[in-house]
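Trainee: Before we look at anything in detail, could you put the model on the screen so that I can ask about it piece by piece?

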Amino acid sequence: MVSLSTVRASNSLISSTLPASLVALFVGATSGIGEATLKKFAHYTTNPRVYFVGRSQEAADRIVTECRALNPAGQYIFRKADVSLIRVVDEVCEEIKAKEPTLNILFLSCGVPSMDRSKTDEDIHLLAALNYYARIRFITNLLPLLQCATGHRRVVSVGGGGHEGELDTTDFSALRVPLDKLRGHLTSLVTLGLESIAQAAPDVSFVHDYPGTVRTKLIDYLPKEVLQTLEFMPLNESGERQLYMATSAMFPPAEGVFMGVPLGDGIKVAVGTSGAVGSGMYSVGADCESAPPTTQELLGVMREDGLVEEVRRHTDGEFQRVTRRKESSSV
């Protein structure tokens, strides 16, 4: 386990080891882990420019005020949006691309506590839309900006890293996957989807992490008697650890410049999902350590079975379907 003191020591070096004026986008950042990480980013960086996306203007106004107090030199720009819709994701990305030539960090934590298998207006399972499809769309749309950035290029997706499980290839969007297999299915979907992108972008590093049990709105649906039995990671610590995963050299890209805050004593470069050290795509637990060998073996079998390519084809097909639907409705 990477200790909290090591995490904080690394974060304290961000301003002196990473470039000033880092540009970051936080998606799902008006509450919970996204908000906590955004504030830590504001606190530790020099002259940051931060875009953040969420659904609450009231929360955003508060966050902007708090970030300005933490770092008056930073810029904090909010975009209200429902990113469960791919067409809205595209709109947000176009706006950012019109303003920014580069992007250093893309941090994705959007989600919803929906277990009723409801669908979006674009006929996508709502839970999967926020946990997978919208995130992949943000990454693919903004990948050129990430690849043009100097000094640091990283994507972090907060989810179930290290908890990958069986993937039902007849039901990628998980409309019928049993509840007890849902996390494993969606976690594998995200990890394999990120692997597909990482293969084409070896100069960017990708982290799919599990944040641990953090007391946020996403678990409010649990019964009170269940919540009372859980041991929570403090939100402040979660923000520190998420920022560490977004900035530490422990998670470098597969190729190119070795990016990130230099490693402290005793800390080694992480093992990627391929089983190789520093492979550029990482599945990481709440302790900031790589997924166990059993998870890497499971992912290896899926890879050998061609599931990375199968997930890519499915995802591209869904995006094409939504795009065609958008075009036909505008005629």
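What follows is a conversation about a predicted model, taken topic by topic.

Trainee: In what order do the seven strands of the open sheet run?
Mentor: The seven strands form an open sheet, and the pairing is parallel. Neighbouring strands of this sheet are turned against each other by 15° on average, with direction ignored. Read across the sheet, the order is β3-β2-β1-β4-β5-β6-β7.

Trainee: Which strands stand at the edges of that sheet?
Mentor: An edge strand here has a single partner strand, so one side of it is left without a neighbour in the sheet. That is the situation of two strands, and they are β3 (75-80) and β7 (281-284).

Trainee: Which residue is the bridge partner of G54 in β3?
Mentor: G54 falls within β2 (49-54), and β2 pairs with β3 in the parallel sense over six bridges. Looking in β3 for the residue bridged to G54, we arrive at K80.

Trainee: How many bridges join β1 to β2?
Mentor: The two strands run parallel, and one place to look is V27, which stands opposite V53 in β2. β2 itself is largely enclosed by the rest of the structure, because five of its six residues are buried. As for the bridges that join β1 to β2, the number is five.

Trainee: Which residues of β6 are buried on the side that holds F206?
Mentor: β6 is mostly covered, with five of its five residues buried. Both of its faces are covered, and S205, V207 and D209 make up one side. The other side, likewise buried, consists of F206 and H208.

Trainee: In β6, which residue is the bridge partner of V158?
Mentor: V158 belongs to β5 (154-158), and β5 and β6 pair in the parallel sense over five bridges. Following the pairing from V158 into β6, the partner is D209.

Trainee: At about what angle to β4 does α6 run?
Mentor: α6 (126-148) comes after the loop that follows β4 (105-108). The helix lies across β1 (23-27), β4, β5 and β6, and the angle that it makes with β4 is about 175°.

Trainee: Is D171 buried or exposed?
Mentor: D171 is found in the loop between β5 and α7 (179-200). Not counting residues up to four places away in sequence, D171 touches R176, V177 and H185. Its relative accessible area is 3%, and since buried means under 20%, D171 is buried.

Trainee: What is the phi of N47, which is not a glycine?
Mentor: N47 has its place in the loop between α3 (32-44) and β2. With 36% relative accessibility, N47 counts as partly exposed. Its phi is positive although the residue is not a glycine, with a value of about 50°.

Trainee: And where does D123, with its positive phi, lie?
Mentor: The phi of D123 is near 65°, a positive value in a residue other than glycine. D123 counts as partly exposed because its relative accessibility is 40%. As for its place, D123 lies in the loop between β4 and α6.

Trainee: How are the rings of Y244 and F251 arranged?
Mentor: The structure holds six aromatic pairs. The rings of Y244 and F251 have their centres 6.5 Å apart, and both residues are buried. Their planes stand at 85°, and planes over 60 degrees apart count that way, so the pair is edge-to-face.

Trainee: Which residues form one aromatic cluster?
Mentor: A cluster of aromatic residues can be named directly from the model, and its members are F26, F41 and F107. F26 falls in β1 (23-27), F41 in α3 (32-44) and F107 in β4 (105-108). The cluster is therefore made up of F26, F41 and F107.Trainee: Over which ring does the charged end of R183 sit?
Mentor: The charged end of R137 sits over the ring of F319, 4.7 Å from its centre. For R183, the charged end is 5.6 Å from the centre of a ring, and that ring belongs to Y210.

Trainee: How many disulfides does a search of the whole structure find?
Mentor: A disulfide is a covalent bond between the sulfur atoms of two cysteines. C67 is in no disulfide, the nearest cysteine sulfur, that of C110, being 18 Å away, and C67 counts as buried at 0% relative accessibility. The sulfur of C148 is 15 Å from the closest cysteine sulfur, in C93, which is too far for a bond. For the whole structure, the number of disulfides found is zero.

Note on methods: Residues numbered from 1 in each chain as written. Predicted model: local features only at pLDDT ≥ 70, side-chain atom pairs only at ≥ 80, totals over all residues. Heavy atoms only, no water. Helix = DSSP H or I, 4+ residues; strand = E, 2+ residues; numbered from the N terminus. Buried < 20%, exposed > 50% of the residue type's maximum accessible area, 1.4 Å probe, protein only. Phe/Tyr/Trp six-rings, centres within 6.5 Å; stacked < 30°, edge-to-face > 60°. Lys NZ or Arg CZ within 6 Å of the ring centre and 35° of its normal. Pairing = 2+ DSSP bridges. Axes fitted to C-alpha atoms, helices over the stretch in contact; angles between N-to-C directions. Contact = heavy atoms within 4.5 Å. Disulfide = S-S within 2.5 Å.
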